[in-house]
Amino acid sequence: MRLPALPLPLPLPRPQPLPRAARTQQLHRGTQSLSGESAPSARQPQPQPALERVAGHPIGPQVRSRFIREPLPFSAFLTDSFGRQHSYLRISVTEKCNLRCQYCMPEDGVKLTPRSQVLTTEEIVTLAGLFVREGVDKIRLTGGEPLIRPDVVQIVTRLRELEKLKTIAVTTNGINLARLLPGLQEAGLNLLNVSLDTLVPAKFEFIARRRGFHKVMEGINKAIDLGYNPVKVNCVVMRGLNEDELLDFVKLTEKKPLDVRFIEYMPFDGNKWNFKKMVSYQEMLGTIQQRWPELELLPSGTSDTAKAYKVPHFQGQIGFITSMSEHFCGSCNRLRITADGNLKVCLFGNTEVSLRDVLRSGATEEAILEIIGAAVGRKKQQHAGMFNISQMKNRPMILIGG
Ligand code: SAM
């Protein structure tokens, strides 16, 4: 007997941007409730079948049941018009760096913001507290080089006091890591990314325009000894510079609990990016699969930036950050605060709003939240594409904090 043909699965409805007016209303509702008694508050966690409510769009049973199973309490201020909930904040704590990596720092350096204009510890903690109260549960300290800020341990200690903050991470070049890590760990640092682009000391000096390879390796080993597992290693892959070391980096994960993440080279002001220097995810993957055909793709979380893989029986794993060839804007949950206190809602967007200035003007928390909410609301659906980005005015990476 012939069975009737099954209908093809219908595509799920895409979330539509929330109309401006509706979003303002949503923000307004939240704000009103800050002073009102019974109005629902954006500060109060709200069970949020996000896309259904934000998009005002009928959704299929498959999607609805997912929301029913996973009600996410989340602030309207940190939810953008595409329903993305921003629970991850990166704070740059300094613009200064003790390396001069070619892909990050323009050759003739950068003009540093005067110290008085850089966020103080107190300001960092105040802003962090506000974001955490609204739903941020992961904060990464970056820079510049975060581990040259004299009060970095104190900042971690203060962040640790924020009750709802689950993860405090640092991205570092590793030069000061071995010395500072015991104190940072005691203060509550629970995740670590160390940047390392080569395993050849002379090449390190060429790329970073400074010496330091052995210090970085010492830092990585110290992190392993102190129990960080995995220790994430960030490696920006550039043609003609280090793409011949891919296999050596993978080999490093055989005996060590490392997660080596190969990052596609991204364009920023002054870093002389060009398409030919970029080694794509597919190309890197192909090279590695030739040596290890058994390479396994690992499951990933919804907002993971890396596509994770593992050579079976190796202790560690690898990943690819494919911001250029396969962007992951659709699941972006990140916001950034620069060292001079600007909120940047997209790494590749050049619109910024100064939280430092509103904070210093004595604005209320509600007023600051309004400004944050409006900036998040303006976040674009996705970045402009690698060729457009390379033509756009943005900060050099050293002044953003990757
Ligand atoms: N100084 C710290 C460090 O070196 O890790 C933190 C700041 S650094 C800007 C943060 C990360 O951004 C590093 O892992 C670095 O490799 C990455 N990065 C910088 N410029 C990049 C570029 N043009 N393309 C891809 N990644 C980049």
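## Exercises around a ligand shell

The shell around the ligand is made up of eight nonpolar, 10 polar and two charged residues. Keep in mind as you work that this is a predicted model.

### Exercise 1: the ligand

Find which residues come nearest to the ligand, and work out how much of the ligand's area the protein buries.

*Solution.*

1. Begin with the neighbours. There are 20 residues around the ligand, and those that come nearest are Tyr103, Gly144, Glu145, Ser195 and Met266.
2. Next, look at nitrogen atoms of the ligand. One lies 2.8 Å from a backbone N or O atom of Gly144. For Met266, a polar backbone atom is 2.8 Å from a nitrogen atom of the ligand.
3. Turn to oxygen. Here the side chain of Ser195 offers an N or O atom 2.5 Å from an oxygen atom of the ligand.
4. Now the area. The ligand taken alone exposes 540 Å², and the protein buries 96% of that.
5. Finish with the strands. At least two residues of the shell come from each of strand 5 (167-172), strand 7 (231-237) and strand 8 (258-264).

### Exercise 2: a lysine in helix 7

Decide whether Lys203 is buried or exposed, and find what its side chain reaches.

*Solution.*

1. Locate the residue: helix 7, residues 201-208, contains Lys203.
2. Compare its accessibility with the cut-off. Buried means under 20% relative accessible area. Lys203 has 17%, so it counts as buried.
3. Follow the side chain of Lys203, which reaches the backbone oxygen of Leu241 at 2.7 Å.
4. List the contacts. Leaving out residues up to four places away in sequence, Lys203 touches Thr198, Leu241, Asn242, Asp244 and Glu245.

### Exercise 3: one face of a helix

Explain why the buried residues of helix 5 line one face of the helix, and name the elements they pack against.

*Solution.*

1. Pick out the buried residues in helix 5 (residues 152-160): Val152, Ile155, Val156 and Leu159 are buried.
2. Look down the axis of helix 5. Its buried residues fall within an arc of 100°, so they line one face.
3. Recall the general rule: an α-helix has 3.6 residues a turn, so residues three or four places apart point the same way.
4. See what this face meets. The buried residues of helix 5 pack against helix 4 (121-134), strand 4 (138-142), strand 5 and helix 6 (177-187).

### Exercise 4: the whole protein

State how many helices and strands the protein has, and what share of its residues is buried.

*Solution.*

1. Count the elements: 13 helices and 14 strands.
2. Take the buried share, which is 53% of the 402 residues.

Definitions and conventions. Residues are numbered from 1 along each chain as its sequence is written. This is a predicted model: local features need pLDDT of at least 70, side-chain atom pairs count only at pLDDT 80 or more; totals for chains, interfaces and linings use all residues. Side-chain values use heavy atoms; hydrogens and water are left out. Helices (H or I, at least four residues) and strands (E, at least two) are DSSP runs, numbered from the N terminus. Buried means under 20% relative accessible area, exposed over 50%, partly exposed in between (1.4 Å probe, protein chains only). A polar contact is a pair of N or O atoms within 3.5 Å; within protein, one must be able to donate a hydrogen and the other to accept it, and residues adjacent in sequence count only if both atoms are side-chain atoms. Contact means heavy atoms within 4.5 Å. A residue is near a molecule or strand if one of its heavy atoms lies within 4 Å of it. Accessible areas come from the Shrake-Rupley method with a 1.4 Å probe; for residues, only the protein chains shown count as cover. Ala, Val, Leu, Ile, Met, Phe, Trp, Tyr, Cys and Pro count as nonpolar, Asp, Glu, Lys and Arg as charged, and the others, Gly among them, as polar. The arc is that of the directions from the helix axis to the C-beta atoms.
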